[in-house]
Amino acid sequence: MRSKKKQVKKLAAHGLSISSFIRMTLSSVAKDGFPKYWEILNIETMVSIEEAVDDMDNPKLKYASSFEELESMLNE
């Protein structure tokens with residue numbers, strides 16, 4: 001819920017409500033298509049992202065707390 005309050009505040013600073021922002025975005029997409037920075041991910045990328053998210057919950061997964069530690073792990 002905190003996130004929604006933050007979004008409302010940021011949009012309000014530009015004179016927009018959530019519904020006006022959504023309406024504006026949908027109109028823009030209808031007129032010009034998706035912006036280039038809104039990359040549509042392919043299935044392989046989505047599967048990789050889901051695997052990475054699942055791995056984050058693995059307590060046996062090694063992690064590094066510094067660049068040197070990461071470099072050492074990668075060189076093993």
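The chain averages a pLDDT of 85 in this predicted model, and 97% of its residues score at least 70. Among the elements of the chain, helix H2, residues 18–32, has the highest mean pLDDT, at 90. The lowest mean, 84, belongs to H3.

Let me begin with H3, which runs over residues 43–56. How far apart should its ends be? At 1.5 Å a residue, the 14 residues of H3 should span 20 Å. The end C-alpha atoms of H3 are 20 Å apart, so the model agrees with that expectation. The N-terminal end of H3 is capped by Asn-42. There, a side-chain oxygen of Asn-42 lies 3.2 Å from the backbone nitrogen of Glu-44.

I turn next to the surface. Which residues form the nonpolar patch? They are Leu-41, Ile-43, Met-46, Val-47, Ile-49, Val-53 and Met-56. Together these residues present about 660 Å² of accessible area. One of them, Met-46, is found in H3. Met-46 has a relative accessibility of 34% and therefore counts as partly exposed, since that class lies between 20% and 50%.

Helix H2 offers two serines for consideration. Ser-19 is found in this helix, and Ser-20 also has its place in H2. Are these residues buried or exposed, or in between? Ser-19, at 44% relative accessibility, counts as partly exposed. Ser-20, at 18%, counts as buried, because the limit for that class is under 20%. The side chain of Ser-20 also makes a contact: it reaches the backbone nitrogen of Ser-17 at 2.8 Å. As for distances from Ser-19, its C-alpha atom and that of Val-29 are separated by 15 Å, the two residues being 10 apart along the chain.

A second pair with that spacing involves helix H1, residues 2–12, where Leu-11 is found. Leu-11 counts as buried, because its relative accessibility is 15%. Leu-11 and Phe-21 are 10 residues apart along the chain, and their C-alpha atoms are separated by 7.7 Å.

Finally, I come to helix H4, which covers residues 67–74 and contains Glu-68. Is Glu-68 buried or exposed? Its relative accessible area is 55%, so Glu-68 is exposed, the threshold being over 50%. How far is Glu-68 from Ala-13 in space? The distance is 42 Å, C-alpha to C-alpha, for two residues that are 55 apart in sequence.

To close, I return to the two features that involve H3: the cap that Asn-42 provides at its N-terminal end, and the nonpolar surface patch that includes Met-46. In reading both, please keep in mind that H3 has the lowest mean pLDDT among the elements of the chain.

Technical notes. Residues are numbered from 1 along each chain as its sequence is written. This is a predicted model: local features need pLDDT of at least 70, side-chain atom pairs count only at pLDDT 80 or more; totals for chains, interfaces and linings use all residues. Side-chain values use heavy atoms; hydrogens and water are left out. Patches are made of residues with over 30% relative accessible area and no salt bridge: like charges are joined within 9 Å, nonpolar side chains (Val, Leu, Ile, Met, Phe, Trp, Tyr) within 5 Å. Accessible areas come from the Shrake-Rupley method with a 1.4 Å probe; for residues, only the protein chains shown count as cover. A salt bridge is a side-chain nitrogen of Lys or Arg within 4 Å of a carboxyl oxygen of Asp or Glu. Helices (H or I, at least four residues) and strands (E, at least two) are DSSP runs, numbered from the N terminus. Buried means under 20% relative accessible area, exposed over 50%, partly exposed in between (1.4 Å probe, protein chains only). The expected span of a helix is 1.5 Å times one less than its number of residues. A polar contact is a pair of N or O atoms within 3.5 Å; within protein, one must be able to donate a hydrogen and the other to accept it, and residues adjacent in sequence count only if both atoms are side-chain atoms. pLDDT is the predictor's confidence in each residue, from 0 to 100.
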